[in-house]
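Dear colleague,

I am passing on the structure below, and my notes on its charged side-chain pairs follow it. Please read them alongside the coordinates.

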Amino acid sequence: MSSNFMLFAVLSGFVTAIVTPWIHTHARRSTGWLLAALPVALMISFLRSVGDVIQDGPLYFGLDWVPSIGFRLAFLIDGWSLLFAILVSGIGALILAYAGEYLHDDRHGGRFLAAILAFMASMLGTVTAGNLLSLFVFWELTSICSYVLIGHHHESRAARAAALQALLVTGVGGLALLAGFLLLGHAAGTFEIPELVTRAADIREHDAYPWILALVVLGACTKSAQFPFHFWLPNAMQAPTPASAYLHAATMVKAGVFLLARLSPVLGGTVLWQTSLPILGALTALVGGFLALHQTSLKRVLAYTTVAALGLLVFLIGLDTPYATRAAVVFVVAHALYKGALFLVAGNIDHGTGEREIDRLGGLARSLPLTCAAAGLAALSMAPLPPLLGFIGKEMLYEASLTAPQRVLWTTAAVLANVAIFIAAYLVGVRPFVGKLKPTPHAPHEVAPSLWIPPALLSALGLLIALFPASIQALLGSAATAIHGEPLKLKLSLWHGWTLALALSGATVVAGAALALWLPGVRRATRSWLKHARWAPENAYNALLEFMLGLAAWQTRVLQNGRLSTYVRTIVAVTVAATGWALLRAAPPTRIAWS
């Protein structure tokens, strides 16, 4: 692998996106499969590089871009970046194939596929960046691409509002992140990530360290929908299903998690890191799990469980222990596979029935047997139950919480979050397919192969990796080493013996099954908590937005009212005030003594 290849890998997505509308005009339904050839080729190249990285260590190379400010288009290829690059390209190929069929009758389908390719390229640039400034450029490009994807149905007011909300929330976080990066570069004297790792001790002792950590965490929290910024992610379900699946499985919302793990060797290892991140992640996981239980739409249930899963990942990164690091890398893969599959299953149900409300669905197993099989496997991994990869990830999560300081608190939070995720897995992966067939807007029917093959592959991978863990064990170990900053060996196994973690898994299943059966009662009992929604962060966002719009309208009325006299007075007043302030600063008044 070389810098030329990485430039091609990133830029090829943007270049192909430019010609995608033209390809779509001529190829129509085949466009998705044609475009999928690019990410498949990239994924194969990344997979071939795994052995070299494991054997020879991380690769670092790049080109000077703006050398006067230390801006290099640098690439860092280690286990962590390779893991994400493989997920982004592999799942991206399936999303493109799926979207080509899903949006075959959409007159803007070509534009959507182009945005997916640009999204993929932006995320590849983010996860392989070896320089903070180049990472920030790609980081912001993911927000712009997500804005286009979420607002794809631009004729819908809800879609436009959701796209704007996602852009504003992540954009504010992006500004905070840029400030944090600049402070970090100033404190370390470099923006190169490998050099930051070697100067980690000096950075953690720097006076600006608390500010650096706060700004970086703020940027990561807005991107990965951590409390209190979690609200934008469920609202982003206005996007077409392929975009939602890609957003949740492998791209933008995982960027914050990726960044925190990437900078863990630099900023981690302090009391502030090991206190703030676990609290933040655990709170987000509990809030996301609780809100998921009160949703009735397939996509919104999945969205809130993504919030919970992202919270658990931030929680693990914050624990900053070898157990937690190993659990985080396994959980990233497990979540990408089952969440991508279940979002595509939700799209298939909507496509095959015209309905996505869970209470109006049932008995679809006979009508959508292939989609049902994919949903079942993915739901088992999400639950998570053996013999799926999600089960291994949950066991490792419990082991990490049990071996951490304040283990009672952290383990309780992990169990409660997993109970909510278990119920959500039943709601989206089982309930629509069992029971009596309910009337739907369209007669239920199985979808085209291009729609059921991608979720089937993703869910099957969750089973195959769990049964044959050696296939991915070395890569995950290399990823864990990159995060922890020290060599870590990782061994995957479905059976860990008769342990306390296994007992907690059993308790999770029992509690989840019981609460799933009594879910209406659970919702009634906890509905009063939702009455405080007017104080929720989303309402604060809406109030702040209305205030800013009102302030802008007032300012426009006052300063731009069409009267020349007002314009002249404003110009003169500002000029006099600015000049006077400059004179006072240059020559402050002195006291004159009169004789």
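In this predicted model, the side chains of Arg29 and Glu101 form a salt bridge, with an N to O distance of 3.4 Å. Because Arg29 sits in the loop between α1 (3–27) and α2 (31–56) while Glu101 belongs to helix α3 (residues 79–102), the pair ties together parts that are 72 residues apart in sequence. The two partners are not alike in their exposure to the surroundings, since a relative accessible area of 44% makes Arg29 partly exposed, whereas Glu101, at 10%, counts as buried.

A second pair joins Arg262 and Asp78, whose side chains meet in a salt bridge at 2.7 Å, N to O. Here too distant parts of the chain are linked, as Arg262 lies in helix α12 (residues 252–262) and Asp78 in the loop between β2 (71–77) and α3, 184 residues apart. Arg262 is buried, with a relative accessible area of 4%, and Asp78 is likewise buried, at 6%.

The side chains of Asp350 and Arg356 also meet in a salt bridge, for which the N to O distance is 2.8 Å. Of these partners, Asp350 has a relative accessible area of 17% and is therefore buried, the cut-off being under 20%, while Arg356, at 29% relative accessibility, counts as partly exposed.

The pairs described above are among the 6 salt bridges that the structure holds.

With best regards

Technical notes: Residues numbered from 1 in each chain as written. Predicted model: local features only at pLDDT ≥ 70, side-chain atom pairs only at ≥ 80, totals over all residues. Heavy atoms only, no water. Salt bridge = Lys/Arg side-chain N within 4 Å of Asp/Glu carboxyl O. Helix = DSSP H or I, 4+ residues; strand = E, 2+ residues; numbered from the N terminus. Buried < 20%, exposed > 50% of the residue type's maximum accessible area, 1.4 Å probe, protein only.
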